[in-house]
Amino acid sequence: MEILIEGLSYVYMPDTPFSRQALNDVSLRIPSGTFAAILGPTGSGKSTLIQLIGGLIRPTAGKIQVGPHAVHHNSKSGSSLRKHVGVVFQYPEHQLFAETVGRDIAFGPKNQGLTQGEIDERVRLAMQWVGLSPELAERSPFQLSGGQMRRVAIAGVLAMQPDVLVLDEPTAGLDSRSGRELLETIYQLQRERRFTVILVTHDMDEAARYADFLYILSDGRCAESGPPAQVFSQPEKLREYKLDLPEISKLVLRLNERLNPPLPLTIFRLEELERELLTRKGEFG
Amino acid sequence: MIGQYIPGHSPLHQMDPRAKLLFVFAYMFAVFLANNPATYGLLVLFTGIGIYFSRISLSVFYRSMKPVFILILLTSLLHLWMTRGGEALFSFSFLTIYEEGVRQAIYISIRFFLLMAAASLLTFTTSPIDLTDGMESLLKPFERLGVPAHELALMMSIALRFIPTLWEETEKIKKAQMARGADFESGHVFKRVKSYIPVLIPLFISAFRRAEDLALAMESRCYRGGKGRTKWRELHYSHLDVVLLLLFVILLTALWLLRK
Amino acid sequence: MIQVKGVWFHYQPEEAPRKDWALQDINLTIMPGEYVSVIGPNGSGKSTLSRLLNGLLLPVEGEVRVGGRLTANTQDLWYIRQQVGLVFQNPDNQIVAPTVQDDVAFGLENLGVSREEMKERIRDALEAVGLAGMEQREPHHLSGGQKQRLAIAGILAMQPKVIVFDEATSMLDPQGRKDVLGIIRQLNEKGTTVIHITHSANEAFLAKRVIVMAEGRIQLDLPADELYPIALILEKWGLDVPLAVRLHHRLLGHGWHLRERITSLEDLVTDLWRFLSKD
């Protein structure tokens, strides 16, 4: 589903001395079926934005539209969005509560009012999607490893089969192999099933590798958006938004200090850099 | 929230928490000495001066006392209705209001207000840490009688430290479950209580994990109970506390002379 | 400074076969002033190891000594914990007190330091981590990175010889991580022995010596510049390999005439410059 955001603002604890404007007149559009990444330093409004998209809080001003469903500042609740947007919060394994993995994953579908047969099917599918073997369904989620617990939590959201999946730093705290495998799983699933993914991350390499489109938040505003090749080719701007560059871009920039003509800043995979260097050698050799 | 600490530098803020704690404790008894308009008036005046010297704006004070006013209203209505004595002022079918009822309602309201105002002034002008320290220090002499003053204070201090953290965590888990379709708002009481299970279980698990982590962190920072420990926070009585004591003595004497 | 000899550890030693133990035959010597990183995937036993270094856990077999004293000797435990400070992963769960300066004071109170001295030590510690001026702040108003710096200040004030950072950067945002890594480097430069436990290869190579742990055992223990050229081996344990090493390996595979061993990104960059502009 397409996500359309217009003039969105959000103020925490309005009319108190602690009042703080988290989002300020944000407008953006995330096309249906996109793998989008939201970037920005801590406190830039990322987590507020995804909560608004997920219909978990109501905007102070402006509107969020997910497919045909819209929420305004005067909407009664965001529940129309909640049905279509699945939000996986940071460290989602901390929300597990049921005695078994299966029952925990079933929580969402059950709340959707599905029949027992449908629920069982949803749970089975979701477990398969995230790569949890079926016999784990009867185990307690609290006996699993950290990486597996996180997969259970994500399956709990996927089982609701949302049209939009929002992930807030899904790899935080995982070691690099588990993190990579997890994102790869989600990426493959998104390619197959063509739902919209919104990934919030601090890891520029993740964003560069998986996202079709990036949105940079800075001080509650959407400061920049575009495909990775465009966004990451402006290192000065990123610095201004207190963001890092992908590791590979740093390497390319280092090489460019003495290469003429410079390597393009649109390289995000090692293979691409390798190929570029090889052709370069061919040309000059 | 009622009486949440408001940082400041007023004379009340600068007083020693022990002095303020002892004062509020004594004041609770002093309030019961009042039994006529003069004594009540004196106490109201005294509390008013206290509010003035706390430099807390009246609107803030009023807002924090709002829930108290509802309680006051309820109890005074109860007194109006139940207390008999004196002349009947007003009668309507089964309800008769007596002079004594009106007087009691007014006195009870004032007494209630005075107590809550004193307690609020204490918490408005004393940071929770200072309160904890004050209590620890006041309880210290009773340690020989088996009162675990240090442990109580440490517990309070850790609670103060973690209440905001756990509160945030509760909100986060609640939102995470809402995102999974949990509904905390509709249905009858039983259903609503039940709907909180998916919030409470993760919260407990997290609190236990935090406690475990914290215990490790404390141990590795050489914590081993109150023995041999020095204190960073020191409390000092100042001339302001002496002023408070003097005022209290004058107040007591005046109350004694003015009461019927 | 720290000697670990033949250490075996498991939380329930009777119940698990020895090949599943969290730590298996660990031998390790850390010299004063070293900057060592311990890298390994989750569950490799690296965090368990950190808890043995200051006697929070005691070895089931073998021994751990700090400055010659055994962690198993109860009467030496407080000396050892003062000498070896531990900074944990979750910044929230290691701050005890409701304000910044009270928290730094906590360890000093435990040590029985006089109030006069506390003032100085608290000031110095907060300055060292860049939190000067925030003495009265409440921890929940600090960012993750600031909380972790506060935790470091709390340890620093106790003037330990060794500080163990147990995945202390893994829950931080990039800025917080950068700040903490900077502090780690400064501390080491001023003479503190640093043991940095991490699952990030990039962070591990900031140290001068890298210990690789997996499945409860020390797999490698090498100076960083010796491990770097052969860093591809880290893949074996699911750890990431620095980008420069991977690129270097691939280009060598294409028969490029680069030096065989690179010890840093700089090496690769200079070689590539030379190589690409030569012909």
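Helices are DSSP runs of H or I with at least four residues, and strands are DSSP runs of E with at least two. The structure shown in these views is a predicted model.

**View 1. Residues 237–258 of chain B.** This span is 91% helix and 0% strand. Its end C-alpha atoms are separated by 31 Å. The "transmembrane region" annotation of an unreviewed UniProt entry includes residues 237–258 of chain B among the segments it covers.

**View 2. Residues 21–53 of chain B.** Helix makes up 82% of this stretch and strand 0%. The C-alpha atoms at its two ends lie 17 Å apart. According to the same unreviewed UniProt entry, the "transmembrane region" annotation covers residues 21–53 of chain B, as well as 65–83, 104–125 and 237–258.

**View 3. Contact between chain A and chain B.** Chain A contributes 19 residues to the contact, and chain B contributes 15 residues. On the side of chain A that touches chain B, at least two residues come from each of β6 (85–88), α3 (101–111) and α5 (146–158) of chain A. The largest share is that of α3(A), with 3 residues. By residue class, this side of chain A consists of 9 nonpolar, 9 polar and 1 charged.

**View 4. Hairpin of β9(A) and β10(A).** Strand β9 (residues 213–218) and strand β10 (residues 221–226) of chain A run antiparallel and are joined by 5 bridges. Leu214(A) has Gly226(A), in β10(A), as its bridge partner. There are 2 residues between the strands of this hairpin, in which Asp219(A) adopts a positive phi near 50°.

How values were computed. Residues are numbered from 1 along each chain as its sequence is written. Chains are lettered from A and ligands numbered from 1 in the order in which they are written. This is a predicted model: local features need pLDDT of at least 70, side-chain atom pairs count only at pLDDT 80 or more; totals for chains, interfaces and linings use all residues. Two residues are in contact if their C-beta atoms, placed from the backbone, lie within 7 Å. Ala, Val, Leu, Ile, Met, Phe, Trp, Tyr, Cys and Pro count as nonpolar, Asp, Glu, Lys and Arg as charged, and the others, Gly among them, as polar. UniProt positions are given in the numbering used here, feature names are shortened, and annotations may be inferred rather than shown by experiment. Two strands pair if DSSP finds at least two bridges between them.
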